Amino acid sequence: MCGIVGYVGKEKAAPILLDGLARLEYRGYDSAGVCVADGSELRVCKAKGRLQNLCGLCSDGETLPGKLGIGHTRWATHGEPNDINSHPHLSQNGKIALVHNGIIENYAELKAYLMKKGIHFVSDTDSEVVVQLLEYYYKRFDGDLMRAVYRVLATIEGAYALGIICADRPDEMIAARKDAPLLLGYGDGCSFIASDATAIIKYTREVSYMEDGEVAVLTADSIRVFDAHHEPIEKEHHTIDWEISAAEKGGYAHFMMKEIMEEPEAIRRTISPHVRDGKIFFEGLCLTQEMLREMSRLYIVACGSSYHVGMVCKYTFEKMLRIPVEVQLASEFRYCRPIVDDKTLVIIISQSGETLDTMAALREAKSLGARILSVVNVVGSSIARESDDVLYTWAGPEIAVATTKAYATQLILMDMIGLYFADLLQAIPKEAYSALVEELQTIPDKLERILDQKETIQYHASKYFNHSSVFFIGRNLDYALGLEGSLKLKEISYIHSESYASGELKHGTISLVEEGTLVLALSLYSPLLEKAVSNIVEVRSRGANVLALTTERDRKEISKNADGLIVVPDTMEMFLPSLGVLPLQLFAYYVALERGCDIDKPRNLAKSVTVE
Ligand code: F6R
């Protein structure tokens, strides 16, 4: 969603801001803008649409002088995407400029109040209220900007990451956060703010993560941070441990393909720190064997693809652990009076660690007494910091909006968590546990074998890309996997697609199957092979084209009935979705490619969903 970058230093700010915004493009946006302090004048340049429109307007920053500035990519919530609603917003007298991520919930009431005082608004955004309120208090407090900032923060309600500059202070930038990510970057003779590290990693790896209620004052040579009571605080410094190349395409046409190709390595990186002598360890986990024994219920809470990981784990965890597993959409969790208490373990899954609904669900579960274990990709993110325990997926930065390697690492890490619990609870025989841990370590090599046949998948995509409606069907693990396959296809290729548990077909859906309908029949789960075959026969006899996904072991049986076949290596039941998802991601990619879609930045979508 929206992205923020800010710079104060000894170089010209505008080109640095535009470069930062280019690196934030992946988050999804519909307009962009920058504001620089040119002596005691603030100069704003903003444009609807792609960043190149903005770059064109200011000749790549050349026409904007000044060594202090803020930049923003906006994903519209309040007010349509247009030049005026884009950030940065200026206060009425043009002295204060602001960029904002998040939503100000009481903006309507504040706007009415300010309008009564004669303040004129130019945009339809909630964000403009913040900058107008700032000017109002700045004047009332005789130019005491920090006092005005604290007063504004005490008045606004909602979520925000703010970057502020003031014409009267051309050497200084102010930042504040509540419920929206913001980090501080320590450069050599310069300082930065950014909504994520990708924007500034070219210039510095040394960062601090702002916490809720904190306010920072940045100059070229210093960053001072204050708590909610304006008391100075020391921030811990962190070093970003990935290379800038991880956030670049590296010769691939799209980030999505690069990230798919990285899956075997990302999974190796996620597995290897935790496997020793045939056993799984999670050192540093506070969750003890006793706590686990007392747990009566397990919730898995997440959104989108992360939720689909949970759907797979419901099958694998319940079968192995024999404890009830509830999988809940984070956006529903806090509104459904969840049955959660101190005997509940809640596993939160999130790539970004910043998804607002997931964060809200975490807080709800915590307030009800649950223990929180989170599975997160972005180190130091809000979800990671608020959980009792956090385990990281080492997928590296994921730039394509559609998740691929993050989903793959989440799934494998969840499998490992399941196995770890099974070991602690002595839920499965030792031999079965050892065999599973051994098989786990073969998954990256098996994924490489699937990648070797990506041309076959490309061939199927070229055959079927023109279909306007696609059904994914499967039972058990295959059903859970189909949910992700279907989401991947629809989000990047814009083809309408649905995923059904095959057993449900006869209860209504089969009426949609007609001559030429494309059905992706997932049949990896061998115990239900016969039923999968009979469902394939059922849809084919109604005219469907069936592209089947199966294993080496069942290929013969399935190939007799399908029009096309994608085959993955054999593995143990638990790991079937880890192998099966890769061809589905590739299929979606190649279909979108054939249709000429904007694969890395699908319409209307954002990478990190920080609004409700
Ligand atoms: C789909 C996709 C989304 C995310 C969802 C949750 O390709 O990426 O469905 O999975 O927005 O995001 P995180 O995992 O960051 O909480």
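Seven nonpolar, four polar and two charged residues make up the lining of the second largest cavity. The model is a predicted one. This cavity has a volume of about 90 Å³. Its lining holds 13 residues, and G474, R475, S502, L522 and A532 lie nearest the centre. Three elements give two or more residues to this lining: β23 (469–474), β25 (518–523) and α18 (529–540).

The whole structure has three cavities of 30 Å³ or more. The largest has a volume of about 110 Å³. Its lining counts 16 residues, with C2, W75, T77, H100 and G102 nearest its centre. Here β4 (68–74) and β6 (96–101) are the elements that give two or more residues. By class, the lining of the largest cavity has four nonpolar, ten polar and two charged residues.

| Cavity | Volume | Lining |
|---|---|---|
| Largest | about 110 Å³ | 16 residues |
| Second largest | about 90 Å³ | 13 residues |

Next, a helix pair. Helix α3 (residues 107–116) packs against helix α4 (residues 127–140) at an angle of about 40°, and their axes are 10 Å apart. Angles from 65 to 115 degrees count as roughly perpendicular and those under 35 as roughly parallel, so α3 and α4 are oblique to each other. The crossing of α3 past α4 is left-handed. From α3, the contact uses Y107, L110, K111, Y113 and L114; from α4, it uses V129, Q132, L133 and Y136. Seven of these contact residues are nonpolar, one is polar and one is charged.

Key:
Residues are numbered from 1 along each chain as its sequence is written. This is a predicted model: local features need pLDDT of at least 70, side-chain atom pairs count only at pLDDT 80 or more; totals for chains, interfaces and linings use all residues. Side-chain values use heavy atoms; hydrogens and water are left out. On a 1 Å grid over the protein atoms alone, a cavity is a set of points where a 1.4 Å probe fits but cannot get out, and a pocket is an open set with protein on both sides within 12 Å along at least five of seven lines; lining residues have an atom within 4 Å of a point. Grid points are joined across faces, edges and corners, and a volume is the space filled by probe spheres set on the points. Helices (H or I, at least four residues) and strands (E, at least two) are DSSP runs, numbered from the N terminus. Ala, Val, Leu, Ile, Met, Phe, Trp, Tyr, Cys and Pro count as nonpolar, Asp, Glu, Lys and Arg as charged, and the others, Gly among them, as polar. Axes are lines fitted to C-alpha atoms, for helices over the stretch in contact, and angles run from 0 to 180 degrees between N-to-C directions. Angles under 35 degrees count as roughly parallel, over 145 as roughly antiparallel, 65 to 115 as roughly perpendicular and the rest as oblique. A crossing is left-handed if the near helix is turned anticlockwise from the far one by less than a right angle, and right-handed if clockwise. Contact means heavy atoms within 4.5 Å.
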